[in-house]
Every structure is written in C-alpha cells, then in structure tokens.
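Reader: I should like a close look at a single part of this model, set out in one connected answer.

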Amino acid sequence: MLNRFFILAIVLIALVRGDKKSKHPNVVVLLADDLGIGDLGCYGNNTINTPNIDKLASEGVRLTHHLSAASICTPSRAALLTGRYPARYGLVGEDGTPGLILHVSSRASLPLTEITLGRALEAANYTTAAVGKWHLGMNCALLGRDCDGPKKHGFQHFYGIPTTLMHEYRGNHPFWIIDFNQPLHQALIGSWLISVLTLLYFGRKMEFQWMTILFFGICLSFFFLISWFFSTHFQFHTQRWWKVSPWMDQFMNGLLMHDDQVIEQPLQLDGLMQNLVSFSVKFIADHAHGDGPFFLYHSFGHVHTPMFTHPSMAGKSRHGRYGDNVEEMDAGVGAIMAALTEHNLDETTIVYFLSDHGGHLECVDNEGHRVGGHNGLYKGGKGQGASEGAIRVPGIYRWKGHIPSSVSIHEPTSLLDMLPTILELANLPQIHDLLPNLPEREIDGVSIASLLMRGEPQTARVFIHHCRQSIHAVRWAKDGHVYKMFIKKHKYPEGSHQCGWGILTLCSCFGEFVADLTDKPLLFDLSSDPYEDDPISSATEE
C-alpha cells in the first residue's frame, strides 16, 4: 500500500510539473535582413529554393499583407521589439542622415525607457537570448566599456554583431589607406606639408641644429598622423554617412560579441551564418528541458550586403550570390527548426518568421552583378519610405496544435503586432501588468492572436508609414477595403522603380526623389489595385 501511495505521489508531482512547464510556450523569432517578399517559394518564387521556410508556411499561417514599420533596419527592428512606432522615441535619424546606427560607439540607441518583448518575457521568467544582428545601439560607457546593449533590453544572453554588415567587412584593407578625394584628408596633408616646409625654412634661418629641426618635424608629423587617424577612423557619437577608412570600419565595427565581450575582431564573414545558427541550436538544446520557457530572437545577417556565403553553399543557386545567400539562410532556418523537433518542442514553441523590410533593389557587388532582393510586383524597395515594396514583407506564424496549418491571411497586419500577439498567445498579461512599476505607454501594434488561431476578422485599423519623423502615407483597412493615401511619394526615372545601381546606392525617402503631395494626395484601393497602378480620382465619392 505504501509503495502504491509513493508511486501515485510521484505521478502527481510529475503532472503538476508538466502542467506548470507547459503553461507558457517557448518563443522563437527568426528575422531575415533585407529579404524581399518575392524571394521565397511560399510567396510565389519558383527559382530560389527555400524548402525550410516553405515548410514553415505550410505548417502555419502565411500573412500576405504583412507590413514593416520602417523601410530601413534600425527603426524597423526597434518597432518589432517594442510594438511602437520608432518616431515616438526618436530612433529614426534626422533629415540628411541615413537613419541607421552605423558605429558601435554611436550614442544613438534604443532608449532604455522602452519595453522590448525580451524585457517583457524576462519579467515572465523566460530565459532570453538575442543571436545575430542587433543594430539598435550598444549603450557603451566611457572608453567603450559595458557595451551590452541587448542585455539592457531584457536579453540575458547575446551572441552576435552589434551593428550591421558592411562592404568594408569583406577582404583585407590596409591600415594606412588615405583617400585623396576627401576634403578632410586634403586639408590634413596640406597642413602637414606647409608646417614641415615652414619649420625647415625658419629652422635654417634661425640656425637651429638639424637634430632640433628633426625633433620638431617628428612631433609635427606625429600630431598630424594622430589627427588623421582619429578624425578619419573614430567616428564617435555620430550617425552621419561619412566615409571612413575601410580598414578601421572593418576593425572597429566588424565585431563578434558574446554578451559584452569581443570574441572575434575583425569579423570573419565566411561561416558566420553557421556560427550564429550553431549558438541558437545549442541554446535550444540547453534550455529545452529547463524549469521554464525560453525566448530566442535569432536575427540573420542574411540577406544583407556584402553577400557572403560559406564555400560549401556558394554557386549553388540560379541567382548568383544573392540566391546563394537566400538559400543559405533557408538552411539556417531548417537547422533551428530541426533542433526544435529533435527536442520535442514543436507543439510547445511559437515560431515567427519575417523580414525587417523590403529588398534592396539598387545594390550591386564590386563586379557589377546585381545582389539586391525581389519585392514581387510591388513598387519600390528598401529605404523608400512608404513605397509598398519597401514595407510589404513576408510573415509566418507557426505553433503546432494551436495555430492552423496551410492558411493564408490577407488582412493587413504589421510587425508592430508581435509584442501584444506573442503575449496573448503565450497566455501572459500585457506589458503594463507584467511591468507595473514602469510608466504606461501607448502600444501601436495590436494582438492578432484571434486572427491567427480562429480567423476572426479585425476591426477597422489605421497604419502610419513614416520617413524619419515625417508621415509619408496612411493605410486604412475597413469593411473589406484597404485604402492607402500618399502625402509624399517617390518619383522614379521613367520605366523604373529604383534609383540607379551601385554598391552603396539606396533610394532616399526625402529630397530630390520624393514628390510632396500635401495639396493633392494620391489615394489607392489596395484591395482591387495592390500594385498601385490606378489612383482613385479626387472627383469620386471615395
């Protein structure tokens, strides 16, 4: 009798522990970089192989009208993690700047007063990790100490790159490079020559010893060398698109970090994707059977330039280096999904796959080959404010046994919705209840949990599309119609929807490429005209 009672007690304890463990699901967010909505098989591409992402879509819900909150990386990622438009807290840049965080040492960063999904889930006793590209500022202290940006936003573990990928990270660049086309370099070299000649002239006129002249010459040269080095390489506290030495950009910003420690400098691109995925796979294995759930935010460096691919994956696709990049990223998605299956986590893990914004149309590599994404038939691309190709992105939710499979939803949704949606799906309170000691703030995203799980239609909804702080367009979804009104709109060369070609060419969302339509806005009904070909006449009732 005692043995039976003991066995029954063990069973009850196991049931209680199992119920406690299964109460809240794990969360895995897979974020692609610069991936166009037309680059995936599940969104209509039949020339690039993406079997793992296609399988993810077949096992979950595919969002066909999924929107980014910005057309470039930093503000889009800020919106994803906070559920709030980045214009609310200034992480959008100023007119005349790229609106991106370009340097590890930049003062610009996601404000610590903002609540990220990582911080919310940490408060709900999740183990949290950010892997891959961060690009939201590192919050470094004086002299580069305590550069632990992700850890200040609720991620207990960080393994990745602090900023973004740049062309300068590929290849070996000489330390001593001088660009004679730069006015700064011209001024420094000219000043040095004048100073040395002046020293020689007056030194001999005043009959200084040659050793004295040599000493002062060396001091002058050292002073100008230091001036050149710091003014050219160390662009502290700025976001401006100033050209810096490729060597120093590669060395100072091309870092791989584990928590707040630099573990690789300069960054080695070939094999980086596999390195990051390996960390995520190990993180899943280490926490698959822990005491509580985990949150993995895996942000791929792909498919951002400079299009690096491991030699084992290079040359396999039909679309050159860009296609190789997409297919390599798909393999990374497959490895992470396989890890979930291996540890029997498919039915206890919410997976959300998306891209931060549309593909980069104008980009070419050093050989002149196109290495930009494909945004389907939508006009425009990365950087182009409210252009549909800039902000219409792939979005897939999968949670086996809870979210239906092989379903497509055509209602407008946004990556702003991630935070409230994940919290509701995970049966957690919203952030004001999870973190009651923090001031309340308005969340711009809404929970689409009922739309995902039961297909319940949303109420009327408005989406705002920004360029920096300016509003370029507004989208209104109501009664089966989706209207989009442009207040400012890109103008392109005849027969094109991009701004030329080049390694660093990117359509700006202000200045000469933008037409101000404030006095006569353009209105489209995207329900019947998804590619914005026929604006609605201002004479109609609509």
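Reader: Which residue follows α11, and what is the sign of its phi?

Author: The residue that follows α11 is Asn427, and its phi is positive, near 60°. This is a predicted model, in which local features need pLDDT of at least 70 and side-chain atom pairs count only at pLDDT 80 or more, whereas totals for chains, interfaces and linings use all residues. Residues are numbered from 1 along each chain as its sequence is written, and side-chain values use heavy atoms, with hydrogens and water left out.

Helix α11 spans residues 418-425 (helices are DSSP runs of H or I, at least four residues, numbered from the N terminus). Because 7 of its 8 residues are buried, α11 is largely enclosed by the rest of the structure. Buried here means under 20% relative accessible area, computed with a 1.4 Å probe on protein chains only. The buried residues are Met418, Leu419, Pro420, Thr421, Ile422, Leu423 and Leu425.

The largest nonpolar core has 59 residues. Such a core is a set of buried Ala, Val, Leu, Ile, Met, Phe, Trp, Tyr and Cys residues joined through side-chain atoms within 4.5 Å. Phe295, Tyr297, Tyr397, Met418, Leu423 and Leu452 touch the most other members. To this core α11 gives the most, with 5 residues.

Leu452 touches Thr421 and Leu425 of α11. Leaving aside residues up to four places away in sequence, Leu452 also touches Val61, Leu63, Tyr397, Ile403, Pro404 and Ile409, where contact means heavy atoms within 4.5 Å. Apart from the largest core lies another, of 49 residues, including Leu30, Leu269, Met273 and Phe300.

Definitions and conventions
Buried means under 20% relative accessible area, exposed over 50%, partly exposed in between (1.4 Å probe, protein chains only). Helices (H or I, at least four residues) and strands (E, at least two) are DSSP runs, numbered from the N terminus.
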